[in-house]
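Open your viewer and keep the selection tool at hand. We will go from stop to stop, with something to pick at each one.

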Protein chains: 2
Amino acid sequence: MTSSALLTDHYELTMLSAALRDGTADRHCVFEVFARRLPTGRRYGVVAGTARLVELIKAFRFGPEEIEFLLGRGIVDAATAEWLGKYEFRGDVDGYAEGDLFFPGSPILTVSGTFAECVVLETLILSVLNHDSAIAAAAARMVTAARGRPVIEMGSRRTHEESAVAAARAAYLAGFAFTSNLEAGRRYGIPTTGTAAHAFTLLHDSETAAFASQVSTLGKQTTLLVDTYDIAQGIRNAIAVAGPDLRAVRIDSGDLSVLASESRALLDSLGATDTQIVVSGDLDEYAIAALAAEPVDAYGAGTAVVIGSGAPTAGLVYKLVEVDGRPVVKRSEHKGTVGGRKTAVRRHKPTGTATEEVVVSLGAPEAQPHDRALQRPFLRAGAPAEDLPTLADSREHLRQCLISIPWEGLKLSAGDPAVPVIMTGGSA
Amino acid sequence: MTSSALLTDHYELTMLSAALRDGTADRHCVFEVFARRLPTGRRYGVVAGTARLVELIKAFRFGPEEIEFLLGRGIVDAATAEWLGKYEFRGDVDGYAEGDLFFPGSPILTVSGTFAECVVLETLILSVLNHDSAIAAAAARMVTAARGRPVIEMGSRRTHEESAVAAARAAYLAGFAFTSNLEAGRRYGIPTTGTAAHAFTLLHDSETAAFASQVSTLGKQTTLLVDTYDIAQGIRNAIAVAGPDLRAVRIDSGDLSVLASESRALLDSLGATDTQIVVSGDLDEYAIAALAAEPVDAYGAGTAVVIGSGAPTAGLVYKLVEVDGRPVVKRSEHKGTVGGRKTAVRRHKPTGTATEEVVVSLGAPEAQPHDRALQRPFLRAGAPAEDLPTLADSREHLRQCLISIPWEGLKLSAGDPAVPVIMTGGSA
């Protein structure tokens with residue numbers, strides 16, 4: 001991995017320069033990542049990106065090229081450049097597990113160490129968590145709306161080429177079954193899928209010729225795209241070419257609820273009773289939910305998932321809350337913001353349903369049965385914790401978390417956070 | 001640059017496999033990139049990302065690692081793997097200059113070559129152009145709203161860490177004066193800026209100590225952030241520490257219109273009549289416009305610019321329009337979509353004001369005085385054209401284009417495209 005060290009805002013290095021010079025750079029600091037609020041109407045957030053972040057923090061080193069740039073531009077002085085040349089994060093990072101839920105005020109990441117070593121990570125930490133958490137939250141709602149039917153992520157073309165890879169990862173974490181993105185397949189082991197676009201049909205002299213070619217190369221366990229010309233004729237052509245053992249047809253345009261029913265009836269009449277129907281085309285969680293009663297077997301979601309379905313960033317901030325053991329807080333903050341390092345537990349009924357999240361500053365919450373401590377170590381003195389969860393672990397963790405919230409929390413309609421956050425203790 | 005070859009959707013390679021096997025892979029194809037519509041209410045789009053794209057196309061090679069992944073997953077067969085190993089784009093790419101405007105149906109990029117060599121670039125082309133164009137369009141509106149006052153891009157933390165670099169570039173292209181993103185400074189030569197966050201003040205024993213440290217390190221030509229505690233006291237502390245020659249103060253919270261006026265009056269009363277006022281905090285084009293009458297000297301824009309101010313993707317598609325000289329079109333397309341390679345000119349009054357954009361399929365538009373041909377070569381037989389514009393050129397080009405559109409086109413309110421597109425000729 002190339003250096004991530006310049007994925008950083010200019011002001012972090014000017015603050016560093018000044019702090020190195022005035023002697024405050026070594027003060028022990030605690031920074032916390034949290035959201036002041038969820039996107040309007042959302043009932044939960046989803047923590048995502050932590051494993052990517054741990055890798056990027058390890059790669060956060062200033063090599064000769066980075067130093068040369070910073071000195072050449074006059075962004076840092078020689079003393080700061082020397083310090084950066086030796087930089088390696090040696091502090092601690094704790095936080096909510098990837099795939100856990102969060103609510104307004106949840107301390108999802110806690111970074112502690114010297115001011116100098118923590119302040120330079122601000123932009124990188126927020127970029128990763130804001131992006132990936134936004135995608136995961138939208139994707140989780142789509143998975144809920146799909147009610148067990150598989151959802152395929154196919155939005156790479158609608159977002160930055162590297163965001164696309166991270167978005168595929170976040171969507172898979174949230175329960176998507178596949179991605180179209182090959183780099184996500186390579187980098188994270190996510191199952192990839194895809195068959196053909198309209199261009200493939202248009203390339204050929206006829207739709208039948210295109211289908212015959214596809215089946216010849218990919219076999220009958222493929223999905224034929226039937227809406228290039230006329231959908232009913234497309235389905236007849238598909239079954240004529242592949243026979244009733246064709247795995248699936250895909251419809252990418254039109255009124256999908258009507259088309260799904262008509263297509264199902266037509267496929268059945270052709271004896272293709274096991275041929276599945278995949279639908280795609282501007283699907284978001286609401287469009288998916290609206291198809292719940294239709295004979296759809298899988299959904300392809302593109303644009304909406306990679307742009308967070310209206311909330312493309314998670315609103316997470318990185319705030320200094322403690323200096324040398326002293327809580328600090330910006331005076332103009334909302335009243336709910338308290339200084340000091342926080343500890344968090346989620347309380348549950350004996351049945352397992354979450355009832356509230358308790359966030360305590362400067363201390364630990366009084367223990368109750370069915371509490372779950374929400375923070376775990378990611379880095380200790382700069383070294384990754386030994387038991388970091390895999391992507392599959394995080395995917396399962398989110399699935400369990402979504403089972404645990406009150407059922408209102410899974411509604412797609414606008415509402416309050418599914419679990420109230422109780423902030424206690426602390427000072428300001 | 002590492003390989004960009006897997007920033008690709010799975011189906012492009014399955015289509016390739018089938019086309020290689022059935023003999024259609026070498027058919028000469030023309031693909032076009034266009035938007036069916038602008039984001040709701042927007043009056044123009046801005047082409048951005050082309051120079052990035054040219055670099056990524058050059059890096060689009062399948063090395064042993066990429067081939068191994070594809071074969072291991074069974075995504076391609078041995079014959080396709082061999083073809084990919086030798087792949088290098090040898091076709092032509094033409095398009096609208098970076099920084100030009102576009103409207104619904106404008107053929108902003110035309111890719112021609114064999115089906116095989118063109119189809120594999122679909123995702124990469126769309127990812128780059130959809131992202132960068134979305135950011136540039138939003139940023140251009142903010143620059144218009146700022147009426148000549150400088151705007152600083154500081155949104156890196158709200159988007160994916162690599163999107164952030166591309167977003168800084170797109171915002172600069174659109175007329176932003178600076179970015180906070182250091183990698184954008186290194187990669188594209190964009191001026192970077194930044195001074196301090198609230199954390200720097202909180203780190204110190206007092207606001208005055210923080211300001212003294214900053215001024216000691218960065219000099220009086222710095223910007224002091226004055227809203228950590230009390231803004232009026234912060235301004236007094238700033239001038240007490242730096243004297244009336246302080247370059248600027250920054251306010252990042254509160255009702256900026258009231259605060260700007262009060263701060264200006266206070267600074268003037270302290271003799272700091274040349275000290276500038278920089279405002280930031282959830283500014284979009286509307287919030288910037290609302291501050292036009294206030295004594296603000298510069299704006300910092302973050303979240304809104306990197307998420308396209310409500311339109312985070314530009315809605316561009318990549319469609320096959322011609323096969324071996326024969327126009328092709330998907331039957332279910334809107335009536336406005338026509339097959340065949342397009343040529344485009346923008347018509348102007350003698351005064352230079354654009355009146356319409358003429359898009360002709362299968363031929364060239366009848367020449368009129370004050371026409372400007374919109375397409376230019378980017379790649380010829382795979383090689384970059386010699387006179388590719390610099391980022392500074394593209395920035396100036398957009399500035400000129402925005403001067404050329406009817407004045408209604410610069411309004412922030414929702415409206416029709418500023419320049420109508422006339423589609424003529426062609427067949428379907």
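Is Gln214(B) buried or exposed? Select Gln214(B) to find out: it counts as buried, because its relative accessibility is 4% and the cut-off for buried is under 20%. Bear in mind as you look that this is a predicted model. Gln214(B) sits in helix H10 of chain B, which covers residues 207-218. Now show what surrounds Gln214(B): beyond its sequence neighbours up to four places away, it touches Ala18(A), Thr195(B), Ala196(B), Phe200(B), Gly219(B), Thr222(B), Thr223(B) and Leu224(B).

**Chain A as a whole**

Next, select chain A and colour by secondary structure. You should find 15 helices and 19 strands. Along the principal axes, the C-alpha atoms of chain A fill a box of roughly 80 × 55 × 35 Å. Of its 428 residues, 60% count as buried. If you draw the contacts in chain A between residues at least 6 apart in sequence, 74% of them join residues at least 24 apart.

Two ranges deserve their own colours. UniProt, in an unreviewed entry, lists residues 6-130 of chain A as "domain: Nicotinate phosphoribosyltransferase N-terminal". That span is 42% helix and 18% strand, with its end C-alpha atoms 18 Å apart. The unreviewed UniProt entry also places "domain: Quinolinate phosphoribosyl transferase C-terminal" at residues 135-304 of chain A. Here the chain is 49% helix and 12% strand, and the end C-alpha atoms lie 9 Å apart.

**Salt bridges within chain A**

Start with Glu88(A) and Arg61(A), whose side chains meet in a salt bridge at 3.0 Å, N to O. Glu88(A) is in the loop between helix H4 and strand E3, and Arg61(A) in the loop between helix H2 and helix H3, so the pair ties together parts 27 residues apart in sequence. Glu88(A) is partly exposed at 28% relative accessibility, and Arg61(A) is partly exposed at 37%.

Move on to Glu357(A) and Arg346(A), a salt bridge whose closest N and O atoms are 2.9 Å apart. This pair joins strand E15, which holds Glu357(A), to strand E14, which holds Arg346(A), 11 residues apart. Glu357(A) is buried, with a relative accessible area of 0%, and Arg346(A) is buried with a value of 0%.

Then select Asp371(A) and Arg347(A), where the side chains form a salt bridge at 3.0 Å, N to O. Asp371(A) lies in the loop between E15 and strand E16 and Arg347(A) in strand E14, so parts 24 residues apart in sequence are tied together. Asp371(A) is partly exposed at 24% relative accessibility, whereas Arg347(A) is buried at 9%. For a wider view, select Glu66(A), Glu162(B), Glu183(B), Arg186(B) and Arg187(B): salt bridges that share partners join them into one network.

**Where the chains meet**

How many residues does the contact take from chain B and from chain A? Select both sides and you will have 93 residues from chain B and 93 residues from chain A. Together the two chains bury about 7,600 Å², 57% of it on carbon and sulfur atoms. Within chain B, highlight Arg157(B), Leu182(B) and Leu203(B), which lose the most area to chain A and together make up 11% of what that side buries.

Turn on polar interactions next. Between chain B and chain A there are 12 salt bridges and 52 residue pairs in polar contact. Helix H1 of chain B, residues 10-22, gives the most to the side that touches chain A, with 11 residues. By class, that side of chain B has 38 nonpolar, 32 polar and 23 charged residues.

**Two last selections**

Pick Glu183(A), in helix H8 of chain A. Glu183(A) is buried, with a relative accessible area of 7%. Apart from neighbours within four places in sequence, Glu183(A) contacts Val165(A), Tyr188(A), Leu6(B) and Leu7(B).

Finish at Lys330(A), in the loop between strand E13 and strand E14 of chain A. Lys330(A) counts as buried, at 8% relative accessibility. With neighbours within four places in sequence left aside, Lys330(A) is in contact with His198(B), Leu202(B), Asp227(B), Thr228(B) and Ser253(B). Try a distance from Lys330(A) to Thr273(A): the two are 57 residues apart in sequence and 64 Å apart in space, C-alpha to C-alpha.

Methods: Residues numbered from 1 in each chain as written. Chains lettered and ligands numbered in written order. Predicted model: local features only at pLDDT ≥ 70, side-chain atom pairs only at ≥ 80, totals over all residues. Heavy atoms only, no water. Helix = DSSP H or I, 4+ residues; strand = E, 2+ residues; numbered from the N terminus. Buried < 20%, exposed > 50% of the residue type's maximum accessible area, 1.4 Å probe, protein only. Contact = heavy atoms within 4.5 Å. Buried area = accessible area lost by both parts, 1.4 Å probe. Salt bridge = Lys/Arg side-chain N within 4 Å of Asp/Glu carboxyl O. Polar contact = N/O pair within 3.5 Å; in protein donor to acceptor, adjacent residues only side chain to side chain. Nonpolar A, V, L, I, M, F, W, Y, C, P; charged D, E, K, R; others polar. UniProt positions renumbered as here; feature names shortened; annotations may be inferred.
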